[in-house]
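Reader: I should like to examine the reasoning behind the labels attached to this structure. Please set each value against its criterion.

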Amino acid sequence: PVEDQCSDYFDVVDKDKEAMDLGTMEKLIRSKKIVDMTKFVQHLGRIVSCARKYNTDPGNFVRQEAEKFDRMGMKLVERLKKSLKLEEKQNREAQEESDEESSIDSLLESDDDEEDEEDDDEEEE
């Protein structure tokens, strides 16, 4: 909110409990106060909520833009969630494959050790 253009904004929107804007969100992200998708979505919701609360007329330009922002933001969040789930799945599969290879290597090493022991036993006889 630009205080000089909306002098009564903080009469409608509580400055400490409700107010949120993209600049503040950026600062929160950079300072690592927003570190997960849940917090990100909550803060986006606060921006839209404040715009709706202050701009009560559904025909108001700012309100209409806030509605678009909400729809577009939620679509982006859903795409990011899908992308993150896919990335997590790929990482999990890669880890499982790596674990499986390590297990096979361990088995092969233990087989080699057993063969060495058998060879040692035969030489002793």
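Reader: What is the accessible surface of the protein, and what share of it belongs to carbon and sulfur atoms?

Author: The model is a predicted one. Its accessible surface comes to about 10100 Å², and carbon and sulfur atoms hold 48% of that area. Of the 125 residues, 14% count as buried.

Reader: How many helices and strands does the protein contain, and in what order do the elements run?

Author: There are 4 helices and 0 strands. The order from the N terminus is therefore written α-α-α-α.

Reader: What share of the contacts with a separation of 6 or more is made by residues 24 or more positions apart?

Author: Such residues account for 48% of those contacts.

Reader: Why is Ala66 called buried?

Author: The relative accessible area of Ala66 is 8%. The cut-off for buried is under 20%, so Ala66 meets the criterion. Ala66 is part of helix α4.

Reader: Which residues does Ala66 touch, once those up to four places away in sequence are set aside?

Author: Ala66 touches Val48 and Ala51. Contact requires heavy atoms within 4.5 Å. As for C-alpha distances, Ala66 and Cys50 are 9.2 Å apart in space and 16 residues apart in sequence. Ile47 and Ala66 are 19 residues apart along the chain, and their C-alpha atoms are separated by 8.0 Å.

Reader: Is Ile47 buried or exposed, and how do you know?

Author: Ile47, a residue of helix α3, has a relative accessible area of 14%. That value falls under 20%, so Ile47 is buried. With neighbours within four places in sequence left aside, Ile47 is in contact with Met20, Asp21, Leu22, Met25 and Phe69.

Reader: What makes Asn55 buried, and where in the chain is Asn55 found?

Author: Asn55 is found in the loop between α3 (37-54) and α4. Its relative accessible area is 11%; the limit is 20%, so the label buried applies to Asn55. Apart from neighbours within four places in sequence, Asn55 is in contact with Asn60, Val62 and Arg63.

Reader: How many salt bridges does a search of the whole structure find?

Author: The search finds 7 salt bridges.

Reader: What makes the pairing of Lys53 and Glu18 a salt bridge?

Author: The N to O distance between the side chains of Lys53 and Glu18 is 2.8 Å. The criterion is a side-chain nitrogen of Lys or Arg within 4 Å of a carboxyl oxygen of Asp or Glu, so the pair of Lys53 and Glu18 qualifies. Lys53 lies in helix α3 and Glu18 in the loop between α1 (9-12) and α2 (22-30), so this pair ties together parts that are 35 residues apart in sequence.

Reader: Why are Lys53 and Glu18 called partly exposed?

Author: Lys53 has a relative accessible area of 36%, and Glu18 has 25%. Buried is under 20% and exposed is over 50%, with partly exposed in between. Both Lys53 and Glu18 are therefore partly exposed.

Reader: How do you know that Glu67 and Arg63 form a salt bridge, and how are they placed in helix α4?

Author: The closest N and O atoms of Glu67 and Arg63 are 3.4 Å apart, and the limit is 4 Å, so the pair counts as a salt bridge. Glu67 and Arg63 are 4 residues apart in helix α4, which means that about one helical turn separates them. Arg63 counts as buried, because its relative accessibility is 19% and the limit is 20%.

Reader: What makes Glu78 and Lys81 a salt bridge?

Author: The N to O distance between the side chains of Glu78 and Lys81 is 3.8 Å; that value is within 4 Å, so the criterion is met. Glu78 and Lys81 are 3 residues apart in helix α4, and about one helical turn separates them. Glu78 is partly exposed at 41% relative accessibility, and Lys81 is partly exposed at 34%.

Reader: Which residues are joined into one network by salt bridges that share partners?

Author: Arg52, Arg63, Glu67 and Asp70 are joined in this way.

Reader: Which residues form the negative surface patch, and why is Glu101 called partly exposed?

Author: The patch is formed by Glu93, Glu96, Glu97, Asp99, Glu100, Glu101, Asp105 and Glu109. Glu101 lies in helix α4 (residues 61-124). Its relative accessible area is 45%; partly exposed lies between 20% and 50%, so Glu101 takes that label.

Definitions and conventions:
Residues are numbered from 1 along each chain as its sequence is written. This is a predicted model: local features need pLDDT of at least 70, side-chain atom pairs count only at pLDDT 80 or more; totals for chains, interfaces and linings use all residues. Side-chain values use heavy atoms; hydrogens and water are left out. Patches are made of residues with over 30% relative accessible area and no salt bridge: like charges are joined within 9 Å, nonpolar side chains (Val, Leu, Ile, Met, Phe, Trp, Tyr) within 5 Å. Accessible areas come from the Shrake-Rupley method with a 1.4 Å probe; for residues, only the protein chains shown count as cover. Lys and Arg count as positive and Asp and Glu as negative; His and the chain ends are not counted. The place of a charge is taken as NZ of Lys, CZ of Arg, CG of Asp or CD of Glu. Helices (H or I, at least four residues) and strands (E, at least two) are DSSP runs, numbered from the N terminus. Buried means under 20% relative accessible area, exposed over 50%, partly exposed in between (1.4 Å probe, protein chains only).
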